[in-house]
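Trainee: Could you take me closely through one part of this model, the sheet? I would like to know how its strands are arranged and what packs on them.

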Amino acid sequence: MLLLVGLGNPGGNYARNRHNIGFMAADGIVRRHSFAAWRSKFHGQLAEGSIDGEKLLILKPETFMNLSGQAVAEAARFHKIAPEQVIVFHDDLDLVPGKVRIKNGGGAGGHNGLKSIDAHLGNAYWRVRLGIGHPGHKDLVTSWVLGDFAKADELWLSPLLDAVADHLPLLIAGNEAGFLNKLALTAPVAKAPKP
């Protein structure tokens, strides 16, 4: 069993924020693979399904980004899921919009959601880093990540979210390179944002 986690902030005010691209990826996966309906559990929204015979849980913590680790650790402990079987989808300022990278372990890179998960679960989980670009100056970061995606972002955002959901079976099977290759072939990468 694997635990997939989409990071974001709960509530309609945050729904289209760049910081919520993890929630958007989770929603796309649930739709594409016909998971069961979302239900409240582990301080978040949880859906269950399977892909190619692998049972999957997908969680959207509702603890707000900075406390995401509470929900993730609770779900992992309850289902006896090791950190290495957890895959977290999150926004990444250091990647241009639409670029995706995958890594296991490592630092949080200043991401408060990852810092919280590290504190509650350790850092041996997988991260799917979804690029949202950087506003150009550190003083603009908070308003950037908590700002909504622009209409022009739909040119890369929708194809990226569709590709993540469509090609998830490769990632689940442990073929990270194949997953990234399929994303590169089907989802365009945007130019670096202009603040």
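Mentor: What follows goes through the sheet from its overall order to the helices that lie on it. This is a predicted model, in which local features need pLDDT of at least 70, side-chain atom pairs count only at pLDDT 80 or more, and totals for chains, interfaces and linings use all residues. Residues are numbered from 1 along each chain as its sequence is written, and side-chain values use heavy atoms, with hydrogens and water left out.

The sheet is open and consists of seven strands (DSSP runs of E, at least two residues, numbered from the N terminus), which follow one another as β2-β3-β4-β1-β5-β7-β6 with mixed pairing; two strands count as paired if DSSP finds at least two bridges between them. At its edges stand β2 (39–41) and β6 (100–104), each of which pairs on one side only. On average, neighbouring strands are turned by 30 degrees against each other, direction ignored.

At the β2 edge, that strand and β3 (residues 44–51) pair in the antiparallel sense over three bridges, and Ser40 stands opposite Gln45 in β3.

Turning to the helices (DSSP runs of H or I, at least four residues), α3 lies across β5 and β7 and runs at about 155 degrees to β5, where axes are lines fitted to C-alpha atoms, for helices over the stretch in contact, and angles run from 0 to 180 degrees between N-to-C directions. Helix α7 (residues 176–186) also packs on the sheet, touching β6 and β7 (contact means heavy atoms within 4.5 Å), and the direction of α7 makes about 165 degrees with that of β6.
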